[in-house]
There are 2 protein chains.
Amino acid sequence: MHASNLSSEEQKFQVRKLLWQLTVCDSVSDKDFEDRFQELSALGDDHIISVIEDESSKKIIATGSIFIEKKFLRNCGKVGHIEDVVVDSNARGLKLGKKIIAFVTEHAHLMGCYKVILDCSVENKAFYEKCGFKQKEIQMVKYFI
Amino acid sequence: MHASNLSSEEQKFQVRKLLWQLTVCDSVSDKDFEDRFQELSALGDDHIISVIEDESSKKIIATGSIFIEKKFLRNCGKVGHIEDVVVDSNARGLKLGKKIIAFVTEHAHLMGCYKVILDCSVENKAFYEKCGFKQKEIQMVKYFI
C-alpha cells in the first residue's frame with residue numbers, strides 16, 4: 001500500500017465508491033464527476049486528493065484531501081485545510097487514516113503552510129490527537145439545503 | 001457604509017492595517033502583499049475579501065473573507081469557508097461583523113454552496129448564533145512554526 005495522488009480512471013471510480021461511506025454522494029453523473037476532477041486538477045498542489053490503494057485488489061481503501069488557503073495574515077501565510085478523510089469499513093484498524101493524515105500534513109508543510117487544520121466530531125478527537133493535532137476552536141455551520 | 005469587494009490601493013493598505021488587529025501580520029513587503037493580492041484576485045468569485053468602508057473617513061473598518069471549496073461529496077457540492085473576520089476596535093457595537101457575515105454568507109449561497117462554515121472561539125459562539133450559525137464539530141490544529 002502507498003499514499004499517492006489520485007490519478008487513473010479506475011482510481012476515480014474507487015474514490016467515488018469510498019466517499020459514499022462518508023456522507024451523501026447520491027448520483028453524480030460521469031460528466032459532473034469528470035468536470036469537478038478537472039477543476040480540482042487545475043489547482044495543482046493547492047488541492048490534492050490522496051489515496052491509499054490495496055495493491056493486490058487494486059481497490060482504493062482510504063482517502064483524504066487537503067487544499068491550501070492563501071492569506072494576508074501571518075506574513076501572507078498559508079493554511080492547509082484537511083477534508084473528507086475516510087477509510088474503507090473493511091480496512092479499519094490498519095492505521096490507514098493515520099497514514100493519510102501524515103501524507104496530507106506533510107504536503108501542507110512542504111507547501112509552506114504555517115499550520116494545518118481540520119474539523120471533526122468529538123468522537124474523533126482522540127484519533128487526531130494521536131496524529132499530533134490539538135483542539136483549538138469550535139466549528140460553526142449554516143446549511144442552505 | 002457598504003459591504004463590497006476589496007479593490008483600490010488605498011483599500012488594500014487599510015485592510016493590512018485592520019488585519020493587524022486580528023493576529024500577527026508582521027512586516028509584509030509591498031511586493032509580497034501585491035503578489036498575494038494578485039493570486040487571490042485570480043481566483044475570482046472562489047475567494048473574495050469583503051470590506052466595509054466608512055465613507056466619511058475613507059477608512060476600512062471591517063473585513064471578512066470567504067473561499068469556495070469544491071468537493072466530490074454531496075453531488076460535487078461546494079462549501080464556503082469564512083475566514084479572518086475583523087471589525088476595527090473603534091467601530092465595535094455597530095453590527096458591522098454581522099453585516100460582513102451576511103455578505104459573505106450570501107456570496108456562498110449565490111455560488112451554489114450547500115453550506116458555509118467557520119471556526120471561532122467559544123467566546124464568539126453566541127455572536128455567530130445570532131448570525132444564524134450552529135455549532136457542529138470541533139477544530140483541530142497542528143502548527144509547523
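**Exercise 1. Work out how the radius of gyration of chain A compares with that of a compact globule**.

Solution. The radius of gyration is taken over C-alpha atoms, and the globule rule is 2.2 Å times the number of residues to the power 0.38. For 145 residues, this rule puts a compact globule near 15 Å, and chain A has 16 Å, which agrees. As a further step, the extent of the C-alpha trace of chain A along its principal axes is about 45 × 35 × 35 Å.

Before going on, note that this is a predicted model, in which local features need pLDDT of at least 70 and side-chain atom pairs count only at pLDDT 80 or more, while totals for chains, interfaces and linings use all residues. Residues are numbered from 1 along each chain as its sequence is written, chains are lettered from A and ligands numbered from 1 in the order in which they are written, and side-chain values use heavy atoms, with hydrogens and water left out.

**Exercise 2. Describe the elements of chain A and the share of its residues that is buried**.

Solution. Begin with the elements: helices (H or I, at least four residues) and strands (E, at least two) are DSSP runs, numbered from the N terminus. Chain A has five helices and six strands, and their order from the N terminus on is β-α-α-β-β-α-β-α-β-α-β. Next comes burial, where buried means under 20% relative accessible area, exposed over 50%, and partly exposed in between (1.4 Å probe, protein chains only). Of the 145 residues in chain A, 51% are buried. Finally, with contact meaning heavy atoms within 4.5 Å, look at the contacts in chain A with a separation of 6 or more: residues 24 or more positions apart account for 60% of them.

**Exercise 3. Explain why Cys113(B) forms no disulfide with Cys76(B)**.

Solution. A disulfide is a pair of cysteine sulfur atoms within 2.5 Å. The closest cysteine sulfur to that of Cys113(B) belongs to Cys76(B) and is 14 Å away, which is too far for a bond. Over all chains, the count by this rule is zero disulfides. As for their surroundings, Cys113(B) is buried at a relative accessible area of 4%, and Cys76(B) is buried as well, at 12%.

**Exercise 4. Place Tyr128(B) and Ile101(B) in chain B, and find what they are in contact with**.

Solution. Tyr128(B) lies in helix 5 (residues 125-130) of chain B, and its relative accessible area of 8% makes it buried. Apart from neighbours within four places in sequence, the contacts of Tyr128(B) include Met140(A), Leu118(B) and Ile101(B). Ile101(B) itself belongs to helix 4 of chain B and counts as buried, with 1% relative accessibility. With the same neighbours set aside, Ile101(B) is in contact with residues including Tyr128(B), Ile82(B) and Cys131(B). A distance completes the picture: Ile101(B) and Ser50(B) are 51 residues apart along the chain, yet their C-alpha atoms are separated by 9.4 Å.

**Exercise 5. Decide whether Lys95(A) is buried or exposed, and then examine Lys95(B)**.

Solution. Lys95(A) sits in the loop between strand 4 (78-87) and helix 4 (96-110) of chain A, and its relative accessibility of 60% counts as exposed. Although Lys95(A) is not a glycine, its phi is positive, at about 65°. In chain B, Lys95(B) is placed in the loop between strand 4 (78-87) and helix 4 (96-110), is exposed at 61% relative accessibility, and has a positive phi near 60°.
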